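Colleague: I would like to learn how to read cavities, pockets and interfaces. Can we work through a case together?

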Amino acid sequence: MNELAGGVIEIGWVQLAISTGFVVVVGILSIRLSLGLESDLAVAAVRTFLQLIALGLALRWVFGIDSPWLVLAILVLMMAAAAQTIVKRAPDAPRGILGSSMITMLLTGFTVTFAVTGLVIQVEPWYRAQYVIPIAGMVLGNSMNGIALALERTFADLDARAGEVLALTALGATPWEAAGDSVRVAIRAGLIPTINAMAAAGIVFIPGMMTGQVLAGADPLAASYYQVVVMLMVAAATALGSVLAVMLSYRKRFTADGVYIEKGYRRAG
Amino acid sequence: MLLAAEGLTFASHADPGPHYVLERVSLAIEAGEIVDVRGPSGSGKTTLLRALARLLPDVEGTLTLGGRVAEEYAPAEWRSRVTLLPQTAAMRPGTVRDNLLLPWQLKVRSAAHAPPDGALEQALLEVGLGEIALGRDAARLSVGQAARVALLRAVLTAPDVLLLDEPDANLDDESTAQVAAMTEAFASQGGAVMRVRHQRGDVRASRTLRLVGGHLTEVAS
């Protein structure tokens, strides 16, 4: 065994080959059962290899350079990618939500990440890439899912309730008064997966970060403290991000005069 | 003249190239009048009502209410005075009382007092819904009952103009008669009514207009 001093068993090419073997078995199953998944599976497996190894190399390089500007630039890039993903996952949303998604990711991403690294973990110096980048990744990745869900739900629900929205507006309701129910439903929908994950953590599954730390040889109790911090902050980021993103976006489906733009009145393109 | 429209123009972009649903439509309605709008399906009757209620994006033209142009009113205030009742009665989750009082939960009426239960019960009685308790779940109303509750909700806010989109579509004879009586009572108290109707106009209408090809013409009575 290639055991390291810290108790970590190093993964080498042999180990990678064994795990690839399992994916090959799934590929053979796919061919035998005519699932038609083998090419997708192959591409996905290759992407997993390349992307994660590239990430490992990139992080090693970033940790070595130790520059606050580089860390900040990477965070901004991560947030832009998250905002782009949100827009793609909410195809029914009006144009122009990229801006609000970006603002949301920047505000919640930076606030929550640096609240954890600065106030909870108290990293020295504040920009230490080894802490800041993985934590930002967890904050952004999880809140991105919740925000995309909340935005998608907001606009789907508004379309489903278009008749009620019209009736309310006709009685003099503002866009907020007409859209309020949909906004609440959507924010709730965005938060439920996070709340469920918090409730099931440690009973149904061992959360990803704790798994990683335990495998890397950390004391399980110390790892659990980290995981608590991460789960709470992910919940906070998802909640704040969903509220902010939906609040910044729902109004875009209304005209300046407060009229809900129904499907039939939207211009193509 | 209570409500006037001058040169209302609205183009639909649903198909490639603009298609004029309303083309320089002008009209005027006096207080106390009931004006029926007829026309073939898809001729833009609903669009006209929505334009008058300022519930349509990108409309050109001028609207005036009581001699003041639309821009002098905040959009929500305009709609509280020129109130559209959409064809499908939209009931919110909750009781009949919740639905009747909904308009007073809106900011536009924050200074006004909501009618007390006694007034609501009296109003229900007058429109033939006396058997419906205020605490009834609105989801359990029949189509005809919901249509009358929605009309009553609009009438209780005492707008200047009521715009009714096929108020008696899908209603039985009894409900239709009650809706007509409510409309007439509203007009007799000085309100103006514009109704979109498929069925033949009834004797209560003061005038009938016909909308075809984006143009509005008066039908000789």
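Modeller: Start with the lining of the largest cavity. A167(A), L171(A), L84(B), L85(B), P86(B), A90(B), A150(B), R153(B) and A154(B) line that space. Keep in mind that this is a predicted model.

Colleague: How many cavities of 30 Å³ or more does the rule count?

Modeller: One. About 50 Å³ of space lies in the largest cavity.

Colleague: Which element gives the most to the lining of the largest cavity?

Modeller: Sort the lining residues by helix and strand. α5(B) gives the most, three residues. β6 and α5 of chain B each supply at least two.

Colleague: And what is the lining of the largest cavity by class?

Modeller: Eight residues are nonpolar, none is polar and one is charged.

Colleague: Now the open spaces. What volume does the largest pocket have?

Modeller: A pocket is an open set of points, whereas the probe cannot get out of a cavity. Here the largest pocket has a volume of about 1,500 Å³. Its lining counts 30 residues, and L52(A), I53(A), L55(A), G56(A) and L59(A) lie nearest the centre.

Colleague: Which elements give two or more residues to the lining of the largest pocket?

Modeller: They are α1 (13-32), α2 (38-65), α3 (68-89) and α5 (129-160) of chain A. α2(A) gives the most, with 12 residues. By class, the pocket lining has 24 nonpolar, four polar and two charged residues.

Colleague: Let us turn to the interface. How many residues of each chain are in contact?

Modeller: Count residues on each side, then look at area. Chain B brings 26 residues into contact with 22 of chain A. The area buried between the two chains is about 2,200 Å², and carbon and sulfur atoms give 62% of that. R50(B), R79(B) and R92(B) supply 25% of the area that chain B buries against chain A, more than any other three residues.

Colleague: How many salt bridges cross the interface of chain B and chain A?

Modeller: The rule finds four. Take the pair D257(A) and R54(B): their closest N and O atoms are 3.6 Å apart. The cut-off is 4 Å, so this pair counts as a salt bridge. Six residue pairs are in polar contact across the interface, both residues at pLDDT 80 or more.

Colleague: Which elements of chain B each supply at least two residues of the side that touches chain A?

Modeller: α1 (45-52), α2 (75-81), β6 (82-85) and α5 (143-156) do. The largest share, three residues, comes from α2(B). By class, that side of chain B has 14 nonpolar, four polar and eight charged residues.

How values were computed. Residues numbered from 1 in each chain as written. Chains lettered and ligands numbered in written order. Predicted model: local features only at pLDDT ≥ 70, side-chain atom pairs only at ≥ 80, totals over all residues. Heavy atoms only, no water. Contact = heavy atoms within 4.5 Å. Buried area = accessible area lost by both parts, 1.4 Å probe. Salt bridge = Lys/Arg side-chain N within 4 Å of Asp/Glu carboxyl O. Polar contact = N/O pair within 3.5 Å; in protein donor to acceptor, adjacent residues only side chain to side chain. Helix = DSSP H or I, 4+ residues; strand = E, 2+ residues; numbered from the N terminus. Nonpolar A, V, L, I, M, F, W, Y, C, P; charged D, E, K, R; others polar. 1 Å grid on protein atoms, 1.4 Å probe; cavity = no way out; pocket = protein on both sides within 12 Å on 5 of 7 lines; lining within 4 Å. Points joined across faces, edges and corners; volume = space filled by probe spheres on them.
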